[in-house]
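These entries record what I looked up in the structure, topic by topic. I began with how its parts are named and then followed the sheet, the cores and the rings.

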Amino acid sequence: MEAAQIPGQRGELLLDAAVRYTEERHWDVFPGAWLEAVGGAERCSCGAARCASPGAHPTRPDWAGRSAGSGAAVRRMWSEHPTASVLLPTGRTFDAIDVPESAGFLALARMERMNLPLGPVTCTPARRMLFFVLPGAAAKVDDLVRALGWSAAAIDLSGRGDGDYVAGPPTWVGGRGAVQWARRPTPANRWLPDAVEVIGPLAYACGREAADARARLS
């Protein structure tokens, strides 16, 4: 079997993206694990055979303190491992609302029709979508969803806030593919919405998906 190869340009894309996030969006970033070619396949640099997020997780417990917000610092950090994943700490300049991909696309289409304010949105290879919102969202998501008549856990909706992180495009997650933008960061969405502005359509879409899933099982 031909040995797997990590494309050389992947490292260039990751570095370019990390620098762009710091310089254009003023987001903190930090390098995470990376993928290595081993025995004809890509394996996470952590060495775990069953890594839950291969090539897309922190490599040390003090990752939060190592986050950088300048292009120069980013270039220095990625010079050690050019194919390191690009990880973005939440709870600083943004939080993220995490929903199933199918519900996320349904909610996104509805919010665009309603002309609601929207920030950047990512899609992950795990079929999740993350909606970037103002910091503080994670702490109030449960109460906001409960006020609408649902349980956030029951409809598979959660918040990523202080002490957490998300993987930034074009980070690759094992052989599953790369994290991608469903809505790219642009000057038009520099100002992020508050969670209360988007939680209704997101909770509705997640609730509908959860109800459909229960119906299929009954």
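**Entry 1: naming.** Helices and strands here are DSSP runs, of at least four residues for a helix and at least two for a strand, numbered from the N terminus. With that in hand I placed Glu 101 in helix H3. I note at the outset that the model is predicted.

**Entry 2: Glu 101.** I asked whether Glu 101 is buried or exposed. Its relative accessibility is 16%, so Glu 101 counts as buried, the limit for that word being under 20%. Leaving out residues up to four places away in sequence, I found Glu 101 touching Cys 123, Thr 124, Arg 127, Arg 128 and Met 129.

**Entry 3: Arg 127.** One of those contacts of Glu 101 is Arg 127, so I looked there next. Arg 127 belongs to the loop between S6 and S7, and at 57% relative accessibility it counts as exposed. Its phi is near 65°, a positive value in a residue other than glycine. Most residues other than glycine have a negative phi, and most peptide bonds are trans.

**Entry 4: further backbone exceptions.** I recorded Asp 156, in the loop between H4 and S8, as another non-glycine residue with a positive phi, about 65°. Asp 156 has 37% relative accessibility and counts as partly exposed. I also noted a cis peptide bond between Pro 169 and Pro 170, with omega about 5°. Pro 170 is in the loop between strand S9 (165-167) and S10.

**Entry 5: the sheet.** In what order do the strands of the open sheet lie? I read the order of its 5 strands as S8-S5-S7-S6-S10, with antiparallel pairing. Strand S8 (158-160) and strand S10 (180-183) are the edge strands, each pairing on one side only. From one strand to the next, the twist averages 30°. S5 and S8 run antiparallel and are joined by 3 bridges; Asp 98 has Ser 158 in S8 as its bridge partner. I then saw that H5 packs on the sheet and touches S5 and S7, its direction making about 10° with that of S5.

**Entry 6: the largest nonpolar core.** Which residues touch the most other members of this core? The core has 27 residues, and the ones I listed are Ile 97, Val 99, Phe 131, Leu 157 and Leu 202. Two or more residues each come from strand S5 (95-100), helix H3 (101-113), strand S6 (121-123), strand S7 (128-133), helix H4 (137-147) and helix H5 (195-217). H5 gives the most, with 8 residues. I took Ile 97 as an example: beyond four places in sequence, its contacts include Phe 131, Val 133, Val 141, Leu 157, Val 198 and Leu 202. A second, separate core holds 23 residues, among them Ala 84, Leu 88, Phe 94 and Trp 181. In soluble globular proteins, nonpolar side chains tend to be buried together.

**Entry 7: aromatic rings.** I counted 10 aromatic pairs. The rings of Trp 27 and Trp 181 have centres 6.4 Å apart and planes at 40°, so I entered the pair as tilted. Trp 27 is in the loop between helix H1 (8-24) and strand S1 (30-31), and Trp 181 is in strand S10, so the pair ties together parts 154 residues apart in sequence. Trp 27 counts as buried at 2% relative accessibility, and Trp 181 counts as buried at 15%. For Phe 30 and Trp 63 the centres are 4.8 Å apart and the planes at 20°, so this pair is stacked. Phe 30 lies in strand S1 and Trp 63 in the loop between strand S3 (41-44) and helix H2 (71-78), 33 residues apart; both residues are buried. Ring pairs also link Tyr 21, Trp 27, Phe 94, Phe 132 and Trp 181 into a cluster. As a separate item, I noted the charged end of Arg 110 over the ring of Tyr 204, 4.8 Å from its centre.

**Entry 8: a hairpin.** How many bridges pair strand S2 with S3? I found 4, in the antiparallel sense, with S2 covering residues 35-38. Ala 37 has Glu 42 in S3 as its bridge partner. The two strands S2 and S3 form a hairpin with 2 residues between them, and Gly 39 in the turn has a positive phi of about 55°.

**Entry 9: Glu 209.** I closed with Glu 209 in helix H5, partly exposed at a relative accessible area of 24%. Apart from neighbours within four places in sequence, Glu 209 is in contact with Ser 102 and Ala 103.

Note on methods: Residues numbered from 1 in each chain as written. Predicted model: local features only at pLDDT ≥ 70, side-chain atom pairs only at ≥ 80, totals over all residues. Heavy atoms only, no water. Core = buried A, V, L, I, M, F, W, Y, C linked by side-chain atoms within 4.5 Å. Buried < 20%, exposed > 50% of the residue type's maximum accessible area, 1.4 Å probe, protein only. Contact = heavy atoms within 4.5 Å. Pairing = 2+ DSSP bridges. Axes fitted to C-alpha atoms, helices over the stretch in contact; angles between N-to-C directions. Phe/Tyr/Trp six-rings, centres within 6.5 Å; stacked < 30°, edge-to-face > 60°. Lys NZ or Arg CZ within 6 Å of the ring centre and 35° of its normal.
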